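Reader: Hello! I am new to protein structures, and I would like to learn how to read one. Could we go through this example together?

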Amino acid sequence: MSSRRPAFTCTACGATHSKWSGRCDACGAWNTIAEEAPLAAPARGRRIALTGLASTEPPLPRSLSGIAELDRVLGGGLVPASAILVGGDPGIGKSTLLLQAAAAFAAGGQPAVYVSGEEATAQIRMRAQRLGLTDAPLQLATETSLRDILATLEAERPALAVIDSIQTMWSDAVDSAPGSVSQVRAAAHELTSFAKRRGTAVVLVGHVTKEGQIAGPRVVEHMVDTVLYFEGERGHQFRILRAVKNRFGPADEIGVFEMTGRGLAEVTNPSALFLSERDAATSGSTVFAGIEGTRPLLVEIQALVAPAAPGTARRTVVGWDSGRLAMLLAVLEARCGIPFGPSDVYLNVAGGLRITEPAADLAVAAALVSARQDIPLPRDAVVFGEVSLSGALRPAPQTDARLREAAKLGFAQAFTPPGARGNDLAIHPVADLAAFMDKCFGPIER
Ligand code: TYD
Ligand code: MG
């Protein structure tokens, strides 16, 4: 039993072979056969204790970071012994955010450590000065050796440790370059086990990489408890921190920040911010009453429709799904008889926000047709509702919260699927896309 021969397995179909070959006999794929290490003789396992679902343990204690937008995205504060990944494009502001958060945490009396593998401590101090954080008792280090970092954290046992970034960390247990998939995985694994073992909340910063020369944060998403992405458009000062996975709170929650000369400032009324740059009533612009996480958010949707030379029509989308745009254009053509075929179509969600809600469909359709017809929508109107392939409109969840936010920001009317009730604004219920277009734009030449 003990002398087991190595097995060869096809990674495409799973068939096992007794020897290596270039092509799998079972599925015909080339270069898919890999050797698997022989299994060790089975040893007896230890019996593990099983428990029930009912628990008498108190709810998880949470510590507030002191930055309300961050605490909300975390689901109500930082959970001890949790591992959090903060991903984002280089230069978006991850280091700034986490330096501010760690300093706020330390200032609140909880020991915090910030380890950078990218910047010298003098550089971090300079940034802290610019952010007005020099009084916070935050502990800094510049280091990339995982072994030394873990030894230090074991000795210090801080409540919070920030590792900036996971791609610069280097574990001597793995024989490959820093930033490679196996290094990033090994470093994340060791740091998350440290978090569980010692009760420290560990934040890993991960750069999103386009070319894939270094491993992106995706390879560690499954190992951590919470995944936050820091998003925003270069050239815009707005930054969105979005929870895409959270074992301790709702996913899809967002926090809104503004990058200023003195670091990231919290935005407590994001709707006002996202609408602040709106010009006078222009065609192609609508206001979508959306929900991000648990919070209503009004955003401007802008469209431009321009004639294109035959066969060169473009579709350019920023902040929305281009597949969804193609679907809406098809519905507009098939169900309302409004073709966009030979035109260039540009769609933009103002402020650098990314919208994923289907309820934005109607606002996008309205912006597109308004741009095509060069007829502005009423400036005091908000629009929302999901468009189905038949052209029918489906009600959006949390309609009341959307309408309340719109009324709060001074909007007086709303175009929505039937069933909405608003006390403070005039509701125009519309059952399908064609009815909506008639109501807003009158007869359209097709
Ligand atoms: P940084 O936090 O270094 O980004 P990341 O860690 O995600 O790579 O942020 C870099 C950008 O932020 C940089 O282009 C300058 C800008 N910034 C400000 O505008 N104001 C500030 O107070 C700070 C510290 C940075
Ligand atoms: Mg950085």
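**Strands and backbone angles**

Author: Happily! Keep in mind that this is a predicted model. Let us start with a pair of strands: β1 (residues 7–10) and β2 run antiparallel and are joined by 2 bridges.

Reader: Which residue in β2 stands opposite Thr9?

Author: That is Thr16.

Reader: In what order do the strands of this open sheet lie?

Author: The order is β2-β1-β3, so to speak from one side to the other, and the 3 strands pair in an antiparallel way. At the edges you find β2 (16–17) and β3 (33–36), each of which pairs on one side only.

Reader: Now the backbone. What should I expect for phi and for peptide bonds?

Author: Most residues other than glycine have a negative phi, and most peptide bonds are trans. With that in mind, look for the exceptions here.

Reader: Where is the cis peptide bond?

Author: Go from Asp164 to Ser165: omega is near 0 degrees there, and the bond is cis. Ser165 belongs to the loop between β7 (160–164) and α5 (181–198).

Reader: And what is the phi of Arg157?

Author: For Arg157, phi is near 45 degrees, a positive value in a residue that is not glycine. This arginine sits in the loop connecting α4 (146–156) and β7. Its relative accessible area is 42%, so Arg157 counts as partly exposed.

Reader: What about Gln398: what is its phi, and where is it found?

Author: Gln398 is not a glycine either, yet its phi is positive, about 55 degrees. Look for Gln398 in the loop between β19 (393–394) and α9 (399–408). With a relative accessible area of 44%, Gln398 is partly exposed.

Notes: Residues numbered from 1 in each chain as written. Chains lettered and ligands numbered in written order. Predicted model: local features only at pLDDT ≥ 70, side-chain atom pairs only at ≥ 80, totals over all residues. Heavy atoms only, no water. Helix = DSSP H or I, 4+ residues; strand = E, 2+ residues; numbered from the N terminus. Buried < 20%, exposed > 50% of the residue type's maximum accessible area, 1.4 Å probe, protein only. Pairing = 2+ DSSP bridges.
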